[in-house]
Structure formats: structure tokens, C-alpha cells
Amino acid sequence: MKIHVKRLALLILLAVGTCDATVIFVTLTRDAICVGADGRITAIDEHGNETYGETCKIRQLGKLFVADSGVARYDATGFDVWQIFSSIKATSVSDFTDKM
């Protein structure tokens, strides 16, 4: 079990290196897998003004849970990561990632 935890911790640390100040963590116990993330967001308008707020960066999509880090929405282009994720119909993690 310790080897798997170390591999998971390494994977998470490598993934966090690509995040834009988002913290996502996973903890394994004997009875559960706990996933958490900070809830802070920064919105930047077309003039470069920043506003701050809160949101949940972890969402359930069917049987899967997905965490987002980085840009979740960009109004100028209509990009919305949650809309994209919600449109993916998948039954497993590998199925989800194959369809992304």
C-alpha cells in the first residue's frame, strides 16, 4: 500500500506543478478516498481588472468526479470547461480521458 501512496503523491505533485495556484489533494484511508481543492477564483475582465470569488473546483459527472485547475471559463471565446466536461458521456476514468 505504501508504494501506491508514494506513486500517487508523486503524480499529484507533478500535476500541481502545472496548475495556476490551484491546490488539489487526494488522501487515501482504509475506508475512503478524500479529494479536496481550494475554492478561490480570479476573474480578469477585458481591461485586465481582477475580481476574486469562490467556486467548487470538484464536480460529480455521473459516476466520476472531476477537479479543474486553471482557466474554467473564458467569456470572450465561449470556453467553459464544465460545459465541455458535462458533454462527455463516460463510464470510467479511461473512457473519460479518451473522449477529452
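This passage describes the aromatic pairs and a nonpolar surface patch of a predicted model. Local features were taken at pLDDT of at least 70 and side-chain atom pairs at pLDDT 80 or more, while totals for chains, interfaces and linings use all residues. Residues are numbered from 1 along each chain as its sequence is written, and side-chain values rest on heavy atoms, with hydrogens and water left out.

Two aromatic pairs were found, where rings of Phe, Tyr and Trp (its six-membered ring) pair if their centres lie within 6.5 Å, and planes under 30 degrees apart count as stacked, over 60 as edge-to-face and the rest as tilted. Trp 82 and Phe 85 meet edge-to-face, at 5.7 Å centre to centre and 85° between the planes. These residues are three apart in helix H2 (residues 81–87), so about one helical turn separates Trp 82 from Phe 85; helices are DSSP runs of H or I with at least four residues, and strands are runs of E with at least two, numbered from the N terminus. Phe 85 also pairs edge-to-face with Phe 96, at 5.6 Å and 65°. Because Phe 96 belongs to helix H3 (residues 93–99), this pair ties together parts eleven residues apart in sequence. Ring pairs thus link Trp 82, Phe 85 and Phe 96 into a cluster.

How buried or exposed are these rings? Phe 85 and Phe 96 are both buried, that is, under 20% relative accessible area, with exposed meaning over 50% and partly exposed in between (1.4 Å probe, protein chains only). Trp 82 is likewise buried, at 10%.

Turning to the surface, Tyr 74 in strand S7 (residues 73–74) is partly exposed, at 46% relative accessible area.
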